[in-house]
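Biologist: I'd like a close look at a single part of this one, with its surroundings laid out piece by piece. Let's get it on the screen first.

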Amino acid sequence: MQDYLVWPIRAAQNSSARRFGSLSSLLVAPSGHDDLLDALAYAGIDTTQPPAYLYDALKNRDCIILGPMSVYTKLLNVSSVGSYSMSSLMISHQKVTQSHLSTMPRTLADCVLRYLASGGPALLAYLPLMPLISGQVGCICTTSSFEDTTFILLDEAEALLFPSYGSQAIALHELPEEVAHELLANKGGILRVKRLDSVPMLVQ
């Protein structure tokens, strides 16, 4: 049954259309995770939620089970990152930020980031979902890439004091607490981010 179009695809919010897909093309999710699945549907990622007894059986089959890494991989595939080699990490910040993920409503983006953060800081890279103090969104790169864009991490008070950083600064206060914590900890120095006290001040 894996390649038959019989598995119901979770519809996007405010959509009544019923679609079906092959199991091999879908993310298989357990019950719950409604907000996350709504966000993935917005991003164009198809998921299915079989009954619990089927889900338990499918976990041992050759299918893609919902998890931080599988979600991250799917998100990369629907963004412009999908056309580049992740093994080389030679990815352009400008090209990545053209992804339609940058239009995702903040509540949905926060849900995605919160889930990805549970898999470690590396899963926060290369997705245009980070709120900037300029009101736009940014895409963090890893330190192993050839992209040299480094974002400054500002809390709410700092963002008010130093608006000149604009599109160079991530608004920590607009992120879920656990995501902000991952960015601040930046275990292993994986991400190209810095705190304000480690960068030169811009003259207002």
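Biologist: Before we zoom in, over which residues does pLDDT stay under 50, and how many contacts beyond four places in sequence does the model have for them? After that, please take me through helix α5 (residues 106-117): what are its crossings with α3, α7 and α1 like, and which residues make the contacts?

Modeller: Sure, and keep in mind throughout that this is a predicted model. The stretch to be wary of is residues 82-98, where pLDDT stays under 50. The model has 37 contacts beyond four places in sequence for that stretch. For the protein chain overall, the mean pLDDT is 84, and 84% of the residues reach 70 or more.

Now for α5, taking its neighbours one by one. Two packed helices are described by the angle between their axes and the distance between the axes, so that's how I'll go about it.

Take α3 to begin with, which covers residues 68-78. Its axis comes within 8 Å of that of α5, and the two cross at roughly 130°. With anything over 115 and up to 145 degrees falling outside the perpendicular and antiparallel ranges, that angle makes α3 oblique to α5. The crossing is left-handed. On the α3 side you'll find P68, V71, Y72 and L75 in the contact, and on the α5 side V112, Y115 and L116. Sort those residues by class and you get seven nonpolar, no polar and no charged.

Swing round to α1, residues 34-43. Here the axes are 9 Å apart and the packing angle is about 110°. The perpendicular range is 65 to 115 degrees, so α1 and α5 are roughly perpendicular to each other. This crossing is left-handed too. From α1, the contact takes in D35, L36, D38, A39 and Y42; from α5, L108, C111, V112 and Y115 take part. By class that's seven nonpolar, no polar and two charged residues. If V112 and Y115 ring a bell, they should: both are in the contact with α3 and in the contact with α1.

Then there's α7, residues 177-185. Its axis and that of α5 come within 8 Å and cross at roughly 55°, which makes α5 oblique to α7. Once again the crossing is left-handed. From α5 you have L113, R114 and A117, and from α7 E178, V179 and E182. The split is three nonpolar, no polar and three charged, whereas the contact with α3 has no charged residues.

To place all this among the strands, look at the sheets. One is an open sheet of three strands in the order β4-β3-β5, with parallel pairing. Its edge strands are β4 (47-48) and β5 (64-65), each pairing on one side only. Strand β3 (residues 27-28) is joined to β5 by two bridges, running parallel, and V28 stands opposite I65 in β5.

Another open sheet has three strands in the order β9-β8-β10, and the pairing is parallel here as well. At its edges sit β9 (169-171) and β10 (193-195), each paired on one side only. Ignoring direction, neighbouring strands of this sheet are turned by 40° against each other on average. Strand β8 (residues 151-154) pairs with β9 in the parallel sense over three bridges, and the bridge partner of L154 in β9 is A171.

How values were computed: Residues numbered from 1 in each chain as written. Predicted model: local features only at pLDDT ≥ 70, side-chain atom pairs only at ≥ 80, totals over all residues. Heavy atoms only, no water. Axes fitted to C-alpha atoms, helices over the stretch in contact; angles between N-to-C directions. Helix = DSSP H or I, 4+ residues; strand = E, 2+ residues; numbered from the N terminus. Parallel < 35°, antiparallel > 145°, perpendicular 65-115°, else oblique. Left-handed = near helix turned anticlockwise from the far one by under 90°. Contact = heavy atoms within 4.5 Å. Nonpolar A, V, L, I, M, F, W, Y, C, P; charged D, E, K, R; others polar. Pairing = 2+ DSSP bridges. pLDDT = per-residue confidence, 0-100.
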